[in-house]
Every structure is written in C-alpha cells, then in structure tokens.
Amino acid sequence: MPDTALLIIDMQTALLSDAHDVEACLLKVAGLAEQARSVGVPIVYLRQRLHDVPAGLIDVHPAVAPQPGDVVLDKDSADSFLDTGLGDLLDELEVCRVIITGFATEYCVDSTSRSALSRGYDLVLVSDGHTTPERPSDAAPSAAQVIAHHNTTFSAIQYAERSITVKPAAHVRFDAAPAS
C-alpha cells in the first residue's frame, strides 16, 4: 500500500474560468493523476460546495476529472480537512505524505497544505500544479506573483519533524520515499 496520496483541490470548471495559466496547470495535474493511478497511489479530489452555480460548472474540470476508484469529498471551507473526513481517509489508507495541487493558491491550497503539516503529514507542493485567479493588470500582486510567493514560502517554512518539498510536476515521483 502506498504511503502517499495525491490531493486535487477545487479544480472545478466554475472556479477555473479566470485562473492564471490554467491550461498548463490542468496538464500538470492530469499528468500527475495518470502517474499516481499507474502505481496505485490514491487520488482524493476536494470539491468546494458552490451555491447558485449551474450544476455542470460545479463538476471537476474534464481535463482532470475523477476516475473510478478516486475519492471525491465535498467541502465548505478553505481547509480541505475541516468536516470532510479527509484526515480519517488518509489515516485509513496509512498515508504519511500528501502531494498537493489545485485552486486557489492563497486560499484552499495554502490552508490545506498548512493543515496537512499540522496533522503530521509530509508535504509535496507541486510548484506548477496550483493556480489562482488572474487580477486586473494594475493589481498587485499579480496571480503569478502570488503563486511564486507561496512556492517560496513553502520552500522555506519549517514544521517540526515534517518534510516539506516544493517541486515542479516533472520532478514528482510517487514511488520515491519522502525526503528527510
């Protein structure tokens, strides 16, 4: 049984309509999901409950849609562990390392990453596997700057007895042991 799980957070059609570099991000996440499935790593989709949105837009984007055997959990907050059963599921699967991708960088990806660390999981943040909404051209910081800031923050942050790695999708390996 793998000790790793891939988390795909809020990659829903309705949320991605104005996301930064969304096509590239979708390709990276789809590739990771394919790699995870090929070696039996569990994939958990976290899906934000959306109100007043047409049903088809609530679904996970077709480019990264769940497949049979994947788990889909609905959530009501930025923290994917809060009231979703995610922690119990990961414990049942004997997961000790989570690989995190998704939307939105500074909200759900950040909150879930920090919560995972606080709950004792090692973390791999996929540097090119998360995105956030574009901002107006005169807004600061830009979406790209938000993503870069979070990648830099997680590259430097420390949690006692936790491994934290930030790397591009091309360097993520599901069969590799967590770095110490």
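**Notebook: salt bridges, cysteines and a β-α-β unit**

I looked up arginine 135 and found it partly exposed, at 25% relative accessibility. The model I am reading is predicted.

I then checked the partner of arginine 135: its side chain meets that of glutamate 106 in a salt bridge, 2.4 Å from N to O. This pair links distant parts of the chain, with arginine 135 in the loop between β5 and α6 and glutamate 106 in helix α5 (residues 105–118), 29 residues apart. Glutamate 106 counts as buried at 17% relative accessibility.

I searched the whole structure for salt bridges and obtained seven. Among them is the pair of aspartate 10 and lysine 75, whose closest N and O atoms are 2.9 Å apart. Aspartate 10 lies in the loop between β1 and α1 and lysine 75 in strand β3, so this bridge ties together parts 65 residues apart in sequence. I noted both residues as buried.

I also recorded a salt bridge between aspartate 70 and arginine 37, at 2.6 Å from N to O. Here aspartate 70 is buried at 16%, whereas arginine 37 is partly exposed at 31%.

I turned to the cysteines and counted zero disulfides. The sulfur of cysteine 25 has its closest cysteine sulfur in cysteine 108, 14 Å away, which is too far for a bond. Cysteine 25 is buried at 3% relative accessibility, and cysteine 108 is buried at 9%.

Last, I traced the strands around helix α6. Strands β5 (residues 122–131) and β6 (residues 164–167) pair in the parallel sense over four bridges, with valine 124 opposite threonine 165. Together with α6 (residues 143–156), these strands make a right-handed β-α-β unit.

Note on methods:
Residues are numbered from 1 along each chain as its sequence is written. This is a predicted model: local features need pLDDT of at least 70, side-chain atom pairs count only at pLDDT 80 or more; totals for chains, interfaces and linings use all residues. Side-chain values use heavy atoms; hydrogens and water are left out. Two strands pair if DSSP finds at least two bridges between them. Helices (H or I, at least four residues) and strands (E, at least two) are DSSP runs, numbered from the N terminus. A crossover is right-handed if, with the strands pointing away from the viewer, the path from the first strand over the helix to the second runs clockwise. A disulfide is a pair of cysteine sulfur atoms within 2.5 Å. Buried means under 20% relative accessible area, exposed over 50%, partly exposed in between (1.4 Å probe, protein chains only). A salt bridge is a side-chain nitrogen of Lys or Arg within 4 Å of a carboxyl oxygen of Asp or Glu.
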